[in-house]
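Got your viewer open? Please load the model and get ready to make a few selections with me.

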Amino acid sequence: MAAVKDFKVKWGMIIDVDKCTGCGSCMIACQTENNIAPMSEDDASNKVRALSWMLVYELNNEKTYPEYEHAYLARPCMQCGVPACVPVCPVVATEKNEEGGIVSQIPPRCIGCRYCMAACPYHSRYFNWHDPIFPVGMDKTLSPNAALRPRGVVEKCSFCHTRYLKAKDRARQEGIDPMNFPQEYYQTACTQNCPSGAIVFGDLNNPEHSVYEMKKSPNAFRLLEKLGLDPQVYYYTEREWVRKLGDNYLKDEK
Amino acid sequence: MEENKKEKTCKCKLFATCKCCKYLPFFIGFLVTLGFGWLIFPNLMLTDKEQPVWFSHKVHVEEQGEPCETCHYFNEDGSFSGIPNTESCATCHEGSSYVADRVESESGEEGYVMPVETKRALDAETEYMEKYVETGKEVPWLVYQYQPDNVFFSHKAHESITCNTCHIVDGATNDNPVLQENKLTGYSKNTMKMAECESCHAEKGQSNACYVCHK
């Protein structure tokens, strides 16, 4: 397995599963920020073909009332420390080598073989089955932060990476070190648009950012931690059954 | 039939006198193809486009002493202002016709012959005033350097590098060059290629991770 690269800056997220109401604002915010087309020429409810870099799953504890409980789990790209998708790419269209630790995806280099999709245990990667077609009028509201991807390539969440590049410019303008700027300079679209404040975003290595302390809580966990992919996305919950589900324990496992 | 064949072999004999000469037609054809591919074809792919009005950097920068920052500056968030809009040019040009005024005061002198350059400036100014300042429309400037939209470029990060390292226009430019647009891609010939960006980054010890420049 590839060696873990050390980064001075490591962008990460903590998603509070207990605060999440499952409203889907993060998904909408993501689609507008990253120009994901509404797929009007196909059935947009087709979960196999629809693109959603951020996807909210519904979980429940499989018990009946009154013990029944449910939770919502928002899933962006985990930006793994040891990504499973990177070594399988035959054309180096995806890499983890930029300061900040965001796994890059370069659609014009991608040949659409979809090995990375098979490798990713989080289903964070999506294949463009169609060219992006926007309804008339909506094409004028596209965001300059993400280039459109054509049919035939794979794409995924980039932690709204262009916002990071812009934040570095702002830091330079204000004379602040672009490797160490305040948390609010760079926030992802999903973080900003979560009405219940369930998502916290920041530099996992920077003691001044809130994620630094939050990730140390005993209630914080990561998805499929036992695979050893070292994701940069953490979850938080006080409910044990959610934490257990997060690592996909078998029912009889201890 | 027989006869034809004979004729052909006859002609070939001409070349067959020296051994390498029989490869000559192939060699010439090869050169012609290469010449076409390297010298002629790339130019067939380009169309020339002229700037909508004659704007002279020399007139504004060298003669009027305007610093670049009057028109190209950084916004508060570190983004680059780019090309000034009509409103900001109008702070000078609205209501005052510099060239026309100059011509008027000078033409009073006896035996005045308008220099070619002044005539050109007068025409440009009149055209600019009529078409843009008075209507408030934006000038559809052509940019020689526009990148594809999956490229992120930051002027702030390159502040320490002189503009004409990457641009063909600078403060001394009087005549804007024509923009050579690729018919197939729609990009300007002068757009910096990825290899050029990368080689300077490598030279200066800058990161060449894909996500530094791509979005």
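Here is a short walk through this predicted model, one selection at a time.

**Stop one: chain A on its own.** Select chain A and colour by secondary structure: 7 helices and 10 strands should appear. Turn the C-alpha trace around, and along its principal axes chain A spans about 50 × 50 × 40 Å. The radius of gyration of chain A is 18 Å, which agrees with the value near 18 Å for a compact globule of 254 residues. Now colour by accessibility: 50% of the 254 residues of chain A count as buried. If you like contact maps, look at the pairs in chain A with a separation of 6 or more; 65% of those contacts join residues 24 or more positions apart.

**Stop two: where the chains meet.** Show both chains and select the residues in contact: 18 from chain B and 23 from chain A. Together the two chains bury about 1,700 Å², and carbon and sulfur atoms give 63% of that area. Next, pick B:F152, B:Y211 and B:K215 as sticks. This trio supplies 41% of the area that chain B buries against chain A, more than any other three residues.

**Stop three: the character of the contact.** How many salt bridges are there between chain B and chain A? The count is 0. Polar contacts are another matter, with 6 residue pairs found across the interface, both partners at pLDDT 80 or more. Then select helix 8 of chain B, residues 210-213: this helix gives the largest share of the side touching chain A, 3 residues. Finally, colour that side of chain B by residue type, and you will find 8 nonpolar, 5 polar and 5 charged residues.

Note on methods:
Residues numbered from 1 in each chain as written. Chains lettered and ligands numbered in written order. Predicted model: local features only at pLDDT ≥ 70, side-chain atom pairs only at ≥ 80, totals over all residues. Heavy atoms only, no water. Contact = heavy atoms within 4.5 Å. Buried area = accessible area lost by both parts, 1.4 Å probe. Salt bridge = Lys/Arg side-chain N within 4 Å of Asp/Glu carboxyl O. Polar contact = N/O pair within 3.5 Å; in protein donor to acceptor, adjacent residues only side chain to side chain. Helix = DSSP H or I, 4+ residues; strand = E, 2+ residues; numbered from the N terminus. Nonpolar A, V, L, I, M, F, W, Y, C, P; charged D, E, K, R; others polar. Rg over C-alpha atoms; globule rule 2.2 N^0.38 Å. Buried < 20%, exposed > 50% of the residue type's maximum accessible area, 1.4 Å probe, protein only.
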